[in-house]
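Reader: I am new to this structure and should like to be guided through it. Please present it first, and I shall then put my questions in turn.

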Amino acid sequence: MDDELDLADAAEYILGERPGLDEQQVWAVLRELGEPPAASSKELALHLITSTFPEITPRVAQRILGEWHAYASLAREPDWDDED
């Protein structure tokens, strides 16, 4: 698998897992960061998101990042794209 995650697939996954999230906010986070932040950079990423997009609360940003990490973990599994 390519190391780069597909943002459209990530957004679809996040919105599927958390249907109450605002789609525009999910996309704002994905586009701003480009990839899920490393655990050591999570606080910095949260600060960047909430200062760049004041309408996104820290709680919402954490939910988006949490689901994005879950998606990334699943997407990197060897059988994610297999349809057997």
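Author: The face of α1 turned away from its buried side carries the exposed residues Glu 12 and Gly 16, where exposed means over 50% relative accessible area, buried under 20%, and partly exposed in between (1.4 Å probe, protein chains only). This is a predicted model, in which local features need pLDDT of at least 70 and side-chain atom pairs count only at pLDDT 80 or more, while totals for chains, interfaces and linings use all residues. Residues are numbered from 1 along each chain as its sequence is written, and side-chain values use heavy atoms, with hydrogens and water left out.

Reader: Which pattern does the chain follow, read along the sequence?

Author: Helices (H or I, at least four residues) and strands (E, at least two) are DSSP runs, numbered from the N terminus. The secondary structure comprises four helices and zero strands. Along the sequence the pattern is therefore α-α-α-α.

Reader: What is the radius of gyration of the chain?

Author: This radius is taken over C-alpha atoms, and the globule rule is 2.2 Å times the number of residues to the power 0.38. For 84 residues the rule gives 12 Å, and the chain's value is close to this, so the chain is as compact as a globular protein of that length. The radius of gyration is 13 Å.

Reader: Which residues of helix α1 are buried?

Author: An α-helix has 3.6 residues a turn, so residues three or four places apart point the same way. In α1, residues 7–17, the buried residues are Ala 10, Ala 11, Tyr 13 and Ile 14. They cover an arc of only 165 degrees around the axis (from the directions from the helix axis to the C-beta atoms), which puts them on the same side of α1. The buried residues are thus Ala 10, Ala 11, Tyr 13 and Ile 14.

Reader: Against which helices do the buried residues of α1 pack?

Author: Contact means heavy atoms within 4.5 Å. By this criterion, the partners of the buried residues of α1 are α2 (23–33) and α4 (58–75).

Reader: Which helix gives the most to the largest nonpolar core?

Author: A nonpolar core is a set of buried Ala, Val, Leu, Ile, Met, Phe, Trp, Tyr and Cys residues joined through side-chain atoms within 4.5 Å. The largest has 23 residues, and those with the most contacts inside it are Ile 14, Ile 56 and Trp 68. At least two residues come from each of α1, α2, α3 (42–52) and α4. With eight residues, the helix that gives the most is α4.

Reader: Is Val 29 buried or exposed?

Author: Val 29 lies in helix α2. Leaving aside neighbours within four places in sequence, Val 29 is in contact with residues including Ile 49, Ile 56 and Trp 68. At 0% relative accessibility, Val 29 counts as buried.

Reader: How many residues apart are Arg 18 and Glu 67?

Author: A salt bridge is a side-chain nitrogen of Lys or Arg within 4 Å of a carboxyl oxygen of Asp or Glu, and a search of the whole structure finds one. The side chains of Arg 18 and Glu 67 meet in it at 3.1 Å, N to O. Arg 18 is partly exposed, with a relative accessible area of 33%, whereas Glu 67, at 12%, counts as buried. Arg 18 is in the loop between α1 and α2 and Glu 67 in helix α4, so the pair links distant parts of the chain, 49 residues apart.
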